Each structure stands twice: as C-alpha cells, then as structure tokens.
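Hi,

Here is the structure I said I would pass on. Have a look through it first, and then read my notes below.

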2 protein chains.
Amino acid sequence: MKITDIRERSFPLDSPLRNAYIDFSQMTCSVVAVETDVLRDGKPVTGYGFNSNGRYGAGGLLRERFLPRLQAATPNDLLDESGSNLDPFKIHTCMMSNEKPGGHGERSVAVGVVDMAVWDAVAKIEERPLNRLLADRFGGDVPADERVYVYAAGGYYYPGKGLEALQDEMRGYLDLGYRDVKMKIGGASLTEDLARIEAVLDVVGKGEHLMVDANGRFDLQTAVAYAEALAPYGLKWYEEAGDPLDYDLQAALAKHYGLPMATGENLFSLQDARNLIRHGGMRPDRDWLQFDCALSYGLVEYLKILAMLRDEGWSSRRVVPHGGHQMSLNIAAGLHLGGNESYPRVFQPYGGFADDVEVVDGFVGLPDCSGIGMERKAKLYELLQTV
Amino acid sequence: MKITDIRERSFPLDSPLRNAYIDFSQMTCSVVAVETDVLRDGKPVTGYGFNSNGRYGAGGLLRERFLPRLQAATPNDLLDESGSNLDPFKIHTCMMSNEKPGGHGERSVAVGVVDMAVWDAVAKIEERPLNRLLADRFGGDVPADERVYVYAAGGYYYPGKGLEALQDEMRGYLDLGYRDVKMKIGGASLTEDLARIEAVLDVVGKGEHLMVDANGRFDLQTAVAYAEALAPYGLKWYEEAGDPLDYDLQAALAKHYGLPMATGENLFSLQDARNLIRHGGMRPDRDWLQFDCALSYGLVEYLKILAMLRDEGWSSRRVVPHGGHQMSLNIAAGLHLGGNESYPRVFQPYGGFADDVEVVDGFVGLPDCSGIGMERKAKLYELLQTV
C-alpha cells in the first residue's frame, strides 16, 4: 500500500465570538486529507484531519515543510511492519526530521493535523473505530470506554450579549443533555463576571456544574482576586488563570485556591507539559489537564505526554482535552481519559460529535464506524470532501 | 510618513553543514523589506530584516497573518508620537493582535524578522547607527560600546571532514582576528568528540578560548558524562547540553559541572526565558544566556527579556546572543551585552558584520552608518535589494 496523495486546505473559522484574548472572526482552520490506495467498500481509504479552534491553520508550514517531507519519503518507510497499513510513529519521525528542539508552536499544529488524518486512515484500513484500536494497542488490556464525560464549553463574550442571552445559551446546553457547562471570564470586570457567573448558576443549579475559563489573561494579583471571589461558588474548575507558561503563577495561585483548577490547552509538546507538572504545582487529586493533540504534534506526542503523566503519578482520568473534536473523543474513550470538551453550537462544522449520538446525562457514546467518525457528522463530511 | 510597502521572500540557506540535530541543506531564510515614503539621500528609506540560521523562514506565516495585519492598520497607528517615524512597539502590538499566549515558535520568527526591518528603518530615518539610538533610548545614560566581543562559531560536522580540516578551519578564525572559537559536539561519540576538542585546543592554545555546543541533544546521563570529560579542559563554556525546555536537566547538570555553561538560543519568548532563569539553575556569576531577537519576536520582546534579567539579578554582560547577525551586534553595543556570536564563513551572506570592520583581538567595531549596517556588507545588500 502507499499514500497516493496528501491535500490540505485552509478554511475561515468565521465566528463572531471572542474570549479574553482573541477575536475568532479572523481564525482559520487547516484540513488535511491523506489518500491511500487501500480499497474499503470499493473506495480508496482517505483519512481526514483538522486543527482545533484557538490556533490558526498551518497551511504555509504544511506546504513549505511537512508535506514535502512525506512526499519525499520512500513509501515503505511510512508503513508498519506488515506493510499493509501506515505507521503513525514513522510518519511523525519523518515530519520532524530537520526540526530543532524547542519552539513548540505553529509547527505543532501542522504535525497534529496530519497525525489526525493518519490515525483516521489507519483505523479505516483496519475497519475499526479508532477508540477501540487505541484501547487494543495502548490501553493496557482495558477495553475502550463506551461513553465519555463531556461538558459544553461556551459562554463567550460577543457584542450585545446580555445575561439573558447567556442564560438561554446555557439552558440550551442542558436541553441537549449536558450537565456541566463552561463560560469565559476575564473579558469583563470582576463585578460583571460575577454577575454573569451567578446568572449561569441560576440555570445549572450548583457550582459543581460550572467551569470558568480566563484564557490565560490574569496576572497573579488578578488571578488571586478572582480566586477569592470564586471560592464560595464551589465551581467544577477554574481554568487557565495566568499565562500558560507561567508555572510559578499557577503554583502560587494554588496556595490561594484549594478547589480544582485546570490548564494545559496552550502547551504543545511533551517538554512544555512536563514543565507544567514539574513546576506548576498542579495537584493530581483534584486538578485537570487539557492538552489537545490536534495542536500538539498529534497522538504520537500525546502518547508520550500520557506516559510522562503516569510516571509522575497522574491518573489518565485527570486529563480532559481541549478542542471538542472527535479525535480527542476517541482518545478519551480508548485511552481512558477523564472526558472531553464539547462546543455544541460553535466552531461548526468542526466541533462536536457524530450526528446520531446523543449526549445523555453529560455523557456521549461513540458511533460504531471505522476511523474517527467524521463521516457520521454530515456537515463536517461535506466540507472534508471538498479538500 | 507611512509604510508604503512590505515585501517578503524566502531564500534557501543552502549549506552543507550539519550539527547534532539538523542538516542545514534544506533550511530557508525569510527576508523582509519595509519601505517607507521618507526620503534620505534622495531615496525612500527601506528597512531590512532576516531570520537567523537554525529556524526556517516564515514566509507562510508572514503572508497569512503578520503582514496582512500591518497592511490593514491605519498608517498613523504604526507611528510614534511625533508622527515622523515608525513605532516598533505599536507595530509589535499590531502584529500580535489576535494571537493567544503560549506556543512560542515559528510566529516568533515571523515577528522577529519584521521587527528587525522596522528598527533598521527607524534608525535610518533618524540617520543614526542603530546601536547609538538604542543606547540613547534604553541604555541608561551609558553610551554604546565602541567594540563588541565576538567569537567564531563553527566546527560543524560535515561529510568527510577530518581533524586536520577542523584545525585548518579554526586556524582560519584566529587569522581573521578571533581569539575564541566554538565547535559542535554530540554528533559523534564522546571519544571522537574529545579527539576533535583536543585537536582544536592544539590550535587555540587554552581551554578558555574554546566553547563546545551540543545543540540540545543529550539526556542527563550523556550530558553528565560529557561534563566529566570536559571539566579538565577548562572550556569557556559548555552549551545547550540538553533539550532547551528541560530546565530540570540544566539545573541537575550544574551540580556536576562547576564551570560556565550557556543556553537560551531555542527559547523564543519572555515566558520561556523567564522559566530558564526560574527553573534552570543558571548561575549569574558564570553562565551565559543566548536568546536571539531574530527568532524571538524581535527587539521589542528582547527589551522585556533584558528587563526581566535585570530584575532577577543578572548583568546584561552575561547575555551573548545567538545568530551572528548585525542586529544582535547593534543590540550588544547599544544595550551593553557581553558580546555576540559570529559565523565568519558560514550562513553567508546573512552571517557576519560589515565588510570594512575587522575583528581585532576578538573584538569588532561597528560601522558609522545609519541603520543596522546591512548596506555595508556588499553581498548581503546585493541580496536584500532583490526583495
């Protein structure tokens, strides 16, 4: 077998949202299609990958460096020992040749998107759902989880959005079957944010059903002021208070906030994730880690991160990836993570799960189809086919 | 005044070198020209920037994100208060709009290249050498240094290169006026590297005239084995033993090696540099820091790094930037750093200094011309004019 073609295309994300840091209206998303000469159901198998929201598409890097390396490789060098399927590890090594250590941004997206497409193809060639393939290969004799905890991430700021609209949004998530919801903070004053939080608590009932996300905006003083104001609500977690690389801030904040915190979506490598564990004062008994494979050199790197966490005494159940995509959903089920983010009505058609699986009591199942399951999300599949 | 045009072009670096990590033959370099409508000597002022060796050109990112943001800005929003010159800080803010925290790689190169071109234009509009402008604005009443310590970085591995060729190379640097030279290690066995080191010591005389650079290749065990073998030579420094983000390794290595070490060329942001200082066990009385503005969001970010170092008790004289370009040479002179790297015969025409300044006893002066001085390096200027 061989890869017959790799195509990439950038799409606008085209969303009116903003969080504490960025305006999504200018965001782009890279989509990659890896086509093989293996026939399944009479058609050549094609794997698809895309990057999560929050970082830009990586079209330039894909065209300048990463796809040419794969195109220049001897096809056999990208295959597993049997020669009948792709080897994501060899493909990763090929893409990372002539790349220096350090500087883990942007290229981590380019490699992550290709990695997603490769795993999709690998599972399709094996004619299995990716989550089951992952459980078999890396899940230590434990079958894939049949359902995965999900929460609805939303509560963005956008022009003219008042408290009622925020409540309506959250009510909509509950109606869809979610129990826990997440909202942005830090894009308004503390007073205004507390009013927003209380409005949402009126809808979801208890603090344990609400997370708040500052998107790395706060200095320590502001982070502590929020921590003190948030503590009485008993929230499910307080996310990314400070700069993602300011491990000292995270560790200092933990001294002021005994409740769960979460971070990691903006750490894009094993090295950066390890530094968070080493220096960030994160607590394995209550905190949450949110690394996102699609922004972080893909599942090949993610497996190294999970191994590092195990070595450092962390349960994989403390990992709940950022991104809200089906790739992380498969990883969560197959490698027994703690859940997965979800963006029920935003970042479409990339975000969200298969059309025919419902969220029930805050958990979602996975479709019984080969690969990641993108074909079971009609609007996404329609877009993928244009690549 | 206004920016009338910004052009970018990628050039192959086209070098047969390799270090412990990468093969330079596939490397590219981005060149940016920022053209203004300000006339000096009857011609519109154009500032030039390029990225240092070691990272790839950033053409895709420049075209997709950073140049469009500048083109979309109101021209006045990019000017200083007088309205008669560009404001590099405002330009930096404009380029970094809609960029999330974390993930400091690739985009840091794109922004760094534009920043270099902007400072070149700013100094040309003021009709002053950049180093003197920097000393006036940020040098705390201390004039720019008239000469800067430089060392010759070379000693790369390349096919068929034996000890004699290595010695000839180093002898050539001494003939050019350098006193200190740097060579690569870690691309061969320890035994072979020690033979290479001893061959070079035969040429340069004492260990204090030789640095060695492992390019981040070693795990702790290997780094310590090298440290123990290197100690008797009393080298000027032992550079980038482990992964640039493995601060624990650096701190642990310091317990095994009391002599000077150096690192930082692969840390591309204030946050990453600060983590090295916080967690890397670097010693302000003997170690060296090698952050390179051209790979790290430019001088605007570099000023923040220098301020952080001052706050943490480091002298600016402990900073000797990577890259071997005239931008860092101007920063070294104007902001009183400890010196600058130099690649006398490699990475041409980007590396190296003005044609008419000589290295004398390991120090180099700066040409008396406005801007960074690229026009005083004929082959570089010839290339820049094609952009």
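In α11(A), the buried residues are A:Gln326, A:Met327, A:Ser328, A:Leu329, A:Asn330, A:Ile331, A:Ala332, A:Ala333 and A:Gly334. That makes 9 of the 9 residues of the helix, which spans 326-334, so α11(A) is largely enclosed by the rest of the structure. Keep in mind throughout that this is a predicted model.

What do those buried residues pack against? Their partners in chain A are three helices, α3 (107-125), α4 (130-138) and α10 (298-311), along with the strands β4 (147-153) and β10 (340-342). After α11(A) comes A:His336, which has a positive phi, near 60 degrees.

Chain A as a whole

I counted up the secondary structure too: chain A has 12 helices and 12 strands. Its radius of gyration is 20 Å and the globule rule gives 21 Å for 387 residues, so chain A is as compact as a globular protein of that length. The C-alpha trace spans about 60 × 40 × 40 Å along its principal axes. As for burial, 55% of the 387 residues of chain A count as buried. Among the contacts in chain A with a separation of 6 or more, 71% are between residues 24 or more positions apart.

The two copies

How are the chains related? Chain A superposes on chain B with an RMSD of 0.0 Å after a rotation of 180 degrees and a shift of 0.0 Å along the axis. That is what a two-fold axis does.

The interface brings 37 residues of chain A into contact with 37 residues of chain B. On the chain A side, the elements that give two or more residues are α1 (59-72), α8 (247-254) and α9 (270-279), and α1(A) gives the most, with 6 residues. Sorted by class, that side of chain A has 10 nonpolar, 14 polar and 13 charged residues. Also, 100% of the interface residues of chain A are interface residues in chain B as well, so the copies meet through the same surface.

A sheet in chain B

Over in chain B, there is an open sheet of 3 strands in the order β1-β2-β3, with antiparallel pairing. The edges are β1 (3-12) and β3 (43-50) of chain B; each has a single partner strand, so one side of each is left without a neighbour in the sheet. From one strand to the next, the twist averages 20 degrees.

If you zoom in on the antiparallel pair β1(B) and β2 (residues 28-40) of chain B, you will find 9 bridges joining them. One to look at is B:Glu8, whose bridge partner in β2(B) is B:Val32.

Two helices lie across this sheet's strands. Helix α1 (residues 59-72) of chain B crosses β1 and β2 of chain B, and runs at about 170 degrees to β1(B). Helix α3 (residues 107-125) of chain B lies across β2 and β3 of chain B, at about 145 degrees to β3(B).

One last residue

Is B:Arg310 buried or exposed? This residue of helix α10 (residues 298-311) of chain B has 12 C-beta neighbours inside 10 Å, so B:Arg310 counts as exposed. Between its C-alpha atom and that of B:Leu230, 80 residues apart along the chain, the separation is 31 Å.

Cheers

How values were computed
Residues numbered from 1 in each chain as written. Chains lettered and ligands numbered in written order. Predicted model: local features only at pLDDT ≥ 70, side-chain atom pairs only at ≥ 80, totals over all residues. Contact = placed C-beta atoms within 7 Å. Helix = DSSP H or I, 4+ residues; strand = E, 2+ residues; numbered from the N terminus. Nonpolar A, V, L, I, M, F, W, Y, C, P; charged D, E, K, R; others polar. Rg over C-alpha atoms; globule rule 2.2 N^0.38 Å. Buried ≥ 20, exposed ≤ 12 C-beta atoms within 10 Å, placed from the backbone. Pairing = 2+ DSSP bridges. Axes fitted to C-alpha atoms, helices over the stretch in contact; angles between N-to-C directions. Least-squares fit on C-alpha atoms with pLDDT ≥ 70 in both.
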